[in-house]
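Got your viewer open? Let's walk through this one together, one selection at a time.

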Amino acid sequence: MNKKDIKISIIGLGYVGLPLARLLATKYSVVGFDINEKRINELQNGFDATLEVSEKLLKEVILPSSNGEIGLFNSSNIEDLEKCNFHIITVPTPVDNHNRPVLTPLIKASESISRVLKKGDIVVYESTVYPGVTEDECVPVLEKGSGLKFNEDFFVGYSPERINPGDKEHTVEKILKVTSGSTIEAAKVIDNLYKSVITAGTYSASSIKVAEASKVIENSQRDINIAFVNELSKIFNLMEIDTHEVLKAAGTKWNFLPFQPGLVGGHCIGVDPYYLAQKAEELGYHPEIILAGRRMNDGMGDYVAKEFVKLMIKKGLNIKDAEVLVLGITFKENCPDVRNTKVIDVIKSLKDYGMNINIYDPWVSPAVVMSEYGLVVSTEIPNKQFDGIVHAVAHNEFKNTDFTKLKKANCILFDVKGTLEVKVEGKL
Ligand SMILES: NC(=O)c1ccc[n+]([C@@H]2O[C@H](COP(=O)([O-])OP(=O)(O)OC[C@H]3O[C@@H](n4cnc5c(N)ncnc54)[C@H](O)[C@@H]3O)[C@@H](O)[C@H]2O)c1
């Protein structure tokens, strides 16, 4: 496959797919495909609701139609992908209510691609999966739908994404990318394609399964490390020692890892370990450390609520009907993503105590929060005073908040992330 002949399709234009499509479109002809027509219309008009790609950068590459020119044309019509020969799949890989992997979007995206797959095409998966999904689950779908033979007529690869939503410094081109392919030749073509746009370079893994496993352990490792500091925070709270001060002191050793306690949400760190755990269980191994980490982190929302309530009781505040302000509802700071946010667990627990919850988050779309969680969010700072405030997400906007205007004379300010510079009554 010569570079000039490569025509790319990207399936799934979310937090991962769009930045990649925009980057590739600076050098290649790219067709972006998504089943969400509203998203396609917005992107064609230069608007990215995830706020990952600016209007300026997006408009620089957007094309009004797909005629093989360098640039990006977005569509929800699969026929627009017919001329593409290098397909990249970036659809979600969530878990169900029992934390079991849901491969439906991957299977459906593979079915869609199988309809336009031709001899010589390459399909690369970027979605986070457990080892084996690309070759054992997706390839049969591609073969069945296309009637083509794997590794004779078409080839596949896996290249995990490492972007960090809201992070304007570590953008896709600046993060070294792991690549892999189903044959030595395919691996080379795939690696060369990514190398041509990723300035940080690439790492060609020895197999697709190695590349899949490398991604899922990156997030599992973070999850376990955060679970450890969350456990420390529980222990030091009982000892009335400031966990952040302990971590600062311990962090002066060269090999002490700088993790902070907190809520672990989103659909990467809080989800990916379950993919690995599920596969391990299927093979008869019960992962102890991975699942212990998950249990610890999944329980932190309830723990924050209990600690907050304890502090309020100690200060003589009434719990029932207390007016509480929750600052931030996204799963992490400085981004509008509310998927799998654990602030919801804090809110649910506080509501169970009979408190009135007010939520302020300048980053979110109130309509999205209403449809996902049935909660009202204000994007404006409230003009009111509260019995308690939970600083749940460390958005930059909250750094300079004048808490004197928000606090009643007797009030608990709880700083989940421990980043506020004002005096607080409690933190993790
Ligand atoms: N968000 C991150 O920070 C991040 C980082 C690294 C890896 N990942 C992984 O990348 C994958 C994608 O994550 P994301 O955050 O971009 O998800 P997302 O929800 O932001 O975007 C996925 C997009 O895929 C579309 N889609 C769903 N099913 C489709 C189908 N069958 N055909 C076409 N489009 C379809 C959706 O409409 C959506 O626009 C996941 O596996 C995730 O674990 C995410």
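**Stop one: paired charges**

Start by selecting Lys-118 and Asp-121, whose side chains meet in a salt bridge with 3.2 Å from N to O. Keep in mind as you click around that this is a predicted model. Why do such pairs turn up? Side chains of opposite charge can pair when their charged atoms come close. Now turn on the surface and look at both partners. Lys-118 is partly exposed, at 31% relative accessible area, while Asp-121 is buried, at 1%. Buried here means under 20%.

Next, select Glu-185 and Lys-188. Here is another salt bridge between side chains, at 3.9 Å from N to O. Both residues sit in helix H6, which covers residues 184-195, and because they are three residues apart, about one helical turn separates them. Is Glu-185 buried or exposed? Glu-185 is exposed, with a relative accessible area of 51%. Its partner Lys-188 counts as partly exposed, at 48%.

Now jump to helix H11, residues 300-314, and pick out Lys-310 and Glu-307, which are also three residues apart, about one turn of the helix. These two form a salt bridge as well, and their closest N and O atoms are 3.0 Å apart. Check the surface again: Lys-310 is partly exposed at 44%, but Glu-307 is buried at 15%.

Some salt bridges share partners. Select Asp-223, Arg-294, Asp-298 and Lys-342 together, and you'll have one network joined that way. How many salt bridges are there in total? The count comes to 27.

**Stop two: the ligand**

Hide the helices for a moment and select the ligand. There are 26 residues around the ligand, and the ones that come nearest are Val-16, Asp-34, Thr-93, His-267 and Arg-339. Color this shell by class and you get 13 nonpolar, eight polar and five charged residues. Which helix gives the most to the shell? Bring the helices back and find H4, residues 104-114: this helix gives the most, with three residues.

Then switch on the backbone atoms, and look for the ligand's oxygen atoms. A backbone N or O atom of Thr-128 lies 2.9 Å from a ligand oxygen. For Tyr-15, a backbone N or O atom is 3.0 Å from an oxygen atom of the ligand, and for Val-91 that distance is 3.5 Å. Try the surface view once more: taken alone the ligand exposes 820 Å², and the protein buries 90% of that.

**Stop three: loops and a surface patch**

Head to the loop between helix H7 (208-238) and helix H8 (243-250), where you'll find Glu-240. Click on its backbone: phi is near 55 degrees, a positive value in a residue other than glycine. Glu-240 counts as exposed, at 74% relative accessibility.

Stay right there and select Met-239, which is in the loop between H7 and H8 too. Add Ile-235, Leu-238 and Ile-241 to the selection, and the four residues make a nonpolar surface patch of about 410 Å².

For the last click, go to Asn-151, in the loop between helix H5 (133-146) and strand S6 (155-158). Its phi is near 70 degrees, again a positive value in a residue other than glycine. On the surface, Asn-151 is partly exposed, with 28% relative accessible area.

Conventions. Residues are numbered from 1 along each chain as its sequence is written. This is a predicted model: local features need pLDDT of at least 70, side-chain atom pairs count only at pLDDT 80 or more; totals for chains, interfaces and linings use all residues. Side-chain values use heavy atoms; hydrogens and water are left out. Helices (H or I, at least four residues) and strands (E, at least two) are DSSP runs, numbered from the N terminus. Buried means under 20% relative accessible area, exposed over 50%, partly exposed in between (1.4 Å probe, protein chains only). Patches are made of residues with over 30% relative accessible area and no salt bridge: like charges are joined within 9 Å, nonpolar side chains (Val, Leu, Ile, Met, Phe, Trp, Tyr) within 5 Å. Accessible areas come from the Shrake-Rupley method with a 1.4 Å probe; for residues, only the protein chains shown count as cover. A residue is near a molecule or strand if one of its heavy atoms lies within 4 Å of it. A polar contact is a pair of N or O atoms within 3.5 Å; within protein, one must be able to donate a hydrogen and the other to accept it, and residues adjacent in sequence count only if both atoms are side-chain atoms. Ala, Val, Leu, Ile, Met, Phe, Trp, Tyr, Cys and Pro count as nonpolar, Asp, Glu, Lys and Arg as charged, and the others, Gly among them, as polar.
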